[in-house]
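Subject: Structure for you to look at

Hello,

Here is the structure I said I would pass on. My notes follow it.

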Amino acid sequence: MRVILTFFKDIPVLFRTYVSPQILHDIYQLIVIKAKRLTGLFPVEVHVTEHCNLNCKGCNHFSSIAEEGFLEPAQFEKDLARLAELSKNYFSIKILGGEPLLHPQITDFFDIARKHFPSTVVQLTTNGILLLKQPESFWLSCKKNKITVSVSQYPVKLDKKGIKALAKAHDVKLIFNGTTAEERMCKIPLDISGSQNMKKSHRKCPISWGCCVTLRDGRLYTCCIVAHIKFFNDYFKQNLEVCADDYVDIYKVSGKGEIIDFLEKPFPFCRYCATSKTSFAQRWGHSQKNINEWIDTPARPPAGG
Ligand code: SF4
Ligand code: SF4
């Protein structure tokens, strides 16, 4: 019953905060995510590569300002074994980045994920740029491990026909997500002073309901922003603090119920997000690595004012 109530509670929040050309897609996504909670499948994202070959302006994973970095398969195995211990059927796994296809051992992650989660969805989320360059062994591993290849679309040239043909030839499930429209980037502006109201920020946040729950070094975070803020702090010499109340340590919880309880609630880091100023149709472009791509910038005074 609580899950059903939460579901209906989120719809007005969407309408208040989320009016944009993307609204139908977003409502659809909300329904999918909530349905996954009801049916017992909860997507968990893992960065296997920190950096990216597309370097988008204002990337919400901070990959365009991240140092080159690769996840060790051994760390992935340790964390997934623990997650599976908490529930083998409840979590589905999204392998992403940054750009995951930059990882030289990408297929190791497929084997590990499928070993610990034999019957749930394991998805590779990629910008697709490197898909046609993958060796035969990549496609064979996707097939063997039943990996869903999900291509996040951007306004860049991509040989969709060629990718579709390869996936079909290897009997691999392929989906194209998002849009190639120029105005497609979501910006949740950061308030580096941390003076937002935590509860209000969380309530108005378009991603607080579970679309990008992130597992990083044994910790589960509600969203990609808090999970990867380290890259923003390092690059711009900032100190947006992450404390022990901002995540769940999967090695300390007694069961998946504790995780779900945590994911439903606001947490201290939300005070850094000016979610009431979220924009869903920022023009896509390459990052200039300028802090204004991520922070809440004052509105320009009217001309002549
Ligand atoms: S493709 Fe995705 S991960 Fe890479 S920079 Fe763009 S938004 Fe970030
Ligand atoms: S930290 Fe909180 S308010 Fe900010 S994006 Fe994540 S869930 Fe939303």
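Helix 8 bends by about 40° at K230. This is in a predicted model, so please read the bend as a computed value. Because 13 residues at 1.5 Å a residue should span 18 Å, and the end C-alpha atoms of helix 8 are 18 Å apart, the expected span and the model agree. Much of the helix is packed inside: C224, I225, V226, A227, H228, I229, F231 and F232 are buried.

Helix 8 (224-236) also belongs to the surroundings of ligand 2, where it and helix 7 (198-204) are the elements that give two or more residues to the shell. That shell has 14 residues, of which C205, S208, C223, C270 and C273 come nearest to the ligand. By class, 9 residues around ligand 2 are nonpolar and 5 are polar, with no charged residue.

Ligand 1 has another set of neighbours: C52, L54, N55, C56, C59, H61, S63, S64, G97, G98, E99 and N127. Here the division is 4 nonpolar, 7 polar and 1 charged.

Elsewhere in the chain, strand 4 (residues 147-152) and strand 5 (residues 174-177) are parallel partners, joined over 4 bridges. Within this pair, S152 stands opposite N177 of strand 5. The connection from strand 4 to strand 5 runs through helix 6 (residues 160-169), giving a β-α-β crossover that is right-handed.

Regards

Technical notes: Residues numbered from 1 in each chain as written. Chains lettered and ligands numbered in written order. Predicted model: local features only at pLDDT ≥ 70, side-chain atom pairs only at ≥ 80, totals over all residues. Pairing = 2+ DSSP bridges. Right-handed = clockwise from strand over helix to strand, strands pointing away. Near = placed C-beta within 6 Å. Nonpolar A, V, L, I, M, F, W, Y, C, P; charged D, E, K, R; others polar. Expected span 1.5 Å × (residues − 1). Bend = angle between axes of the 7 residues up to and from the residue. Buried ≥ 20, exposed ≤ 12 C-beta atoms within 10 Å, placed from the backbone.
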